[in-house]
Amino acid sequence: MTRSALPGFLIALGVLVAGLLLAFTVGRYPVALGDLLQVLVAKITGQAGSVPPAVESVIWQVRGPRVLAAVLVGAALAVAGTAFQGLFRNPLVSPDILGASSGAALGAVFGIFLSLGVFAIQFFAFLGGLVAVAAVYVIGSAVRSRDPILVLVLTGVVIGALLGAGVGLLKYLADPYNQLPAMTFWLLGSLAAANVSDLVPLVGPVALGTVVLIALRWRMNAMSLPEEEARALGIATGPLRVAIVAAATLTTSASVATAGIIGWVGLVVPHLARSLVGPDFARLVPASAILGGGYLLLIDTLARTMAPVEVPLGILTAVVGTPFFIWLLANVQKTWS
Amino acid sequence: MHLSRRSLLAGAGAALLAPRCGHAQAVQAPVASGRTVNDSAGRVVPVPAKVTRVFPAGPPAAILLYTLAPDLLIGWPRAHRADECVYMLPDVCMRPAVGRITGRGNTANLETVLALKPDLILDIGSVNDTYISLADRVQQQTGIPYALLDGRFDRTTDAYTALGRLIGREAAGAAHADYCNKTLATITSRIADVPRERRPRLYYARGPRGLQTGGKGSINVETAELLARNVADELPGGLANVSLEQVLLWDPDVIVTIDRDFAASVRNDPTWRPVRAVREGRVFLSPSAPFGWIDFPPSVNRMIGLWWLAKILYPEKFAEDMTALTRDFYSKFYHVTPTDAQIAQILTGAA
């Protein structure tokens, strides 16, 4: 890749900035651009504005946290997807390949089944994701094979299916009038309920995981080489793999715990970023983060504005993502090399 | 909480494993009386000569049957915990879990149903092709009369009349039908002069964050829509997720919720403060013992909730004493008479 990555980065940043502007100004509750600016100025200068308190509340308590959550979740899923696609040398891989989403789903559904509160449900989801991937990794590593990556992926698929059965069992046993709809809504993914207190448990793991992955971006290039060649370059592939998996799982589990199951972002965005800045992970990881944030923000803005009802994110990302992915496959295959 | 949920799981597991006991007996259709009853789907259901055991197809049917003839109830769709039985006849309440054969997902096995030797299978809920064909199929497979009654709230009167005839207790059925009829007539006639645009705008909140609600005509807001304007009536029926922005835009006068976590947190939640109902302290947690007063299961348990809601929305029109109404309803329908202290406890919405 010899071409400059600058235009690509500018496009990614443009998407994010446009997404932010759009997301703050549109919504079910009408907020005029003037009011928005006035609220921002009032916040910065510390003076009381003349904007109705409801509008102020919408901007700071409802829309603001949600916009931030969308950016964080999108960035987290895109970075995790990028890391996994590199690690497994496979363009079809998404962040849930090692069971993070299925584990989180089982954790959340279990929390709903026990009628726990929001934070307990999110905690169970987060924990479920971590435990599932840890289990996959331990089992996958225990199997001796010449192709440890393949064994890991297969273990992930199998454990994911088992966890899916667990989700099915709990849905089957759930109270059909109260718990079952809650489970269904959760599994479809949504940021409708995101508020300020959700951001705290989201920011920490996402920031940590993303920083680790960005720090490892040079070495991730070596991971896309065959195992022997990487070793010959002096890269400790085993520990590096653990670090990448751990960081990606941390970000994925935290975002799934907040937003529910949102597919496609971790699959589509890395490809899009690759077509913008090329396959070098040093550029690809930060570009994916920016683009992922902008992408999910745009999707979520659509989800909360197109109807009085919230459109589940999982459905929108699939509807938008499928044709988009097919187009990508047809047009930008050459950038995967 | 942990232990009790585990026992629920165990109960459901037992229901799944139970069908062994009946395999030796040949399937024997109950002796028909020669009489028939038309159920709400227009199906002709043969009335058994003697009804001693009735299998409820789902929670609404179990409640309807319990209120009219607790002795006939074979078991419940899921087992009850002991603490759920405070306001029911203890021996009936503790009857075993038998699963459900309708609603979302079957948990009862037809062989289990047969092994329990019911004289009648009772279902109440939506009357549409799905449930009609299910009723026909189960009746044909088991040879047991399967009655499907209309579960809409304003048809409760008819449901009691039909059930009374099906189980040969016409007088008791008529008495319950009469109570429901009077309640509905009294309440709706007293607010009949309030034009629609003067009725309070109500938001029905579910889920721990209060962001699930029922759209127009959804079974979850049937009683609310009888008395108030559902702010979510632009949504199609059924449950939906909405955003807080949408709720702010609706700016409801009253919020009614069934979620304790939400009811406890909303009053101090700055994000909800701009909502009129929250600002004015008009957030109400629905009583839920032994069954929900507003929403689920969607059965006759909502009848007392109609009084509760009417008093909240139109205090000047409904001078009745809620404690007396509750005592009367519980003793007539749940066959227990709670003390005043218990009623006060029920009215707080606590478990």
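This tour proceeds from chain A, through its contact with chain B, to the domains, sheet and core. The structure is a predicted model.

**Chain A as a whole**

Begin by selecting chain A and displaying it as a cartoon. Chain A holds 14 helices and zero strands, so no sheet is to be sought here. Its C-alpha trace spans about 65 × 55 × 35 Å along the principal axes. For 337 residues, a compact globule would be expected to have a radius of gyration near 20 Å, and the 20 Å of chain A agrees with this. Colouring by burial is useful at this point: 50% of the 337 residues of chain A count as buried. Among contacts in chain A between residues at least 6 apart in sequence, 78% join residues at least 24 apart.

**Where chain A touches chain B**

Next, show both chains and select the residues in contact across them. On this boundary, 30 residues of chain A are in contact with 31 residues of chain B. The elements of chain A that give two or more residues to this side are α3, α6 (148–173) and α7 (179–188). Of these, α3(A) gives the most, with seven residues. Colouring the chain A side by class shows 19 nonpolar, seven polar and four charged residues.

**The two domains of chain B**

Hide chain A and colour chain B by domain. Chain B is divided into domain 1 (2–171) and domain 2 (189–347). The contact between them takes 16 residues from domain 1 and 18 residues from domain 2 of chain B. On the domain 1 side, select helix α2 (residues 59–68) of chain B, which gives the most to the side that touches domain 2, with five residues. The domain 1 side of this contact divides into 11 nonpolar, three polar and two charged residues.

**The sheet of chain B**

Remain in chain B and select its strands β8, β6, β10 and β11. These four strands form an open sheet in the order β8-β6-β10-β11, with parallel pairing. The edge strands are β8 and β11 (283–285) of chain B, each of which pairs on one side only.

Now centre the view on β6(B), residues 201–205. Four of the five residues of this strand are buried, so β6(B) is largely enclosed by the rest of the structure. Turn first to strand β8 (residues 229–230) of chain B, which runs parallel to β6(B) and is joined to it by two bridges. Here L202(B) has N230(B) as its bridge partner. Then turn to strand β10 (residues 254–257) of chain B, which pairs with β6(B) in the parallel sense over four bridges. Select Y203(B) to find its bridge partner in β10(B), I255(B). Further along, A205(B) stands opposite T257(B) in β10(B).

**The largest nonpolar core**

Keep Y203(B) selected, restore chain A, and add L291(A) and L65(B). Of the 199 residues in the largest nonpolar core, these three touch the most other members. Helix α3 (residues 53–87) of chain A gives the most to this core, with 20 residues. Domain 1 (2–171) and domain 2 (189–347) of chain B both give residues to this core, so it lies between them.

Finally, centre on L291(A). Which residues does L291(A) contact, leaving aside its neighbours within four places in sequence? They are A12(A), V15(A), A78(A), V269(A), L272(A) and A273(A).

Methods:
Residues numbered from 1 in each chain as written. Chains lettered and ligands numbered in written order. Predicted model: local features only at pLDDT ≥ 70, side-chain atom pairs only at ≥ 80, totals over all residues. Buried ≥ 20, exposed ≤ 12 C-beta atoms within 10 Å, placed from the backbone. Pairing = 2+ DSSP bridges. Core = buried A, V, L, I, M, F, W, Y, C linked by C-beta atoms within 7 Å. Domains from an automatic or database assignment. Contact = placed C-beta atoms within 7 Å. Nonpolar A, V, L, I, M, F, W, Y, C, P; charged D, E, K, R; others polar. Rg over C-alpha atoms; globule rule 2.2 N^0.38 Å.
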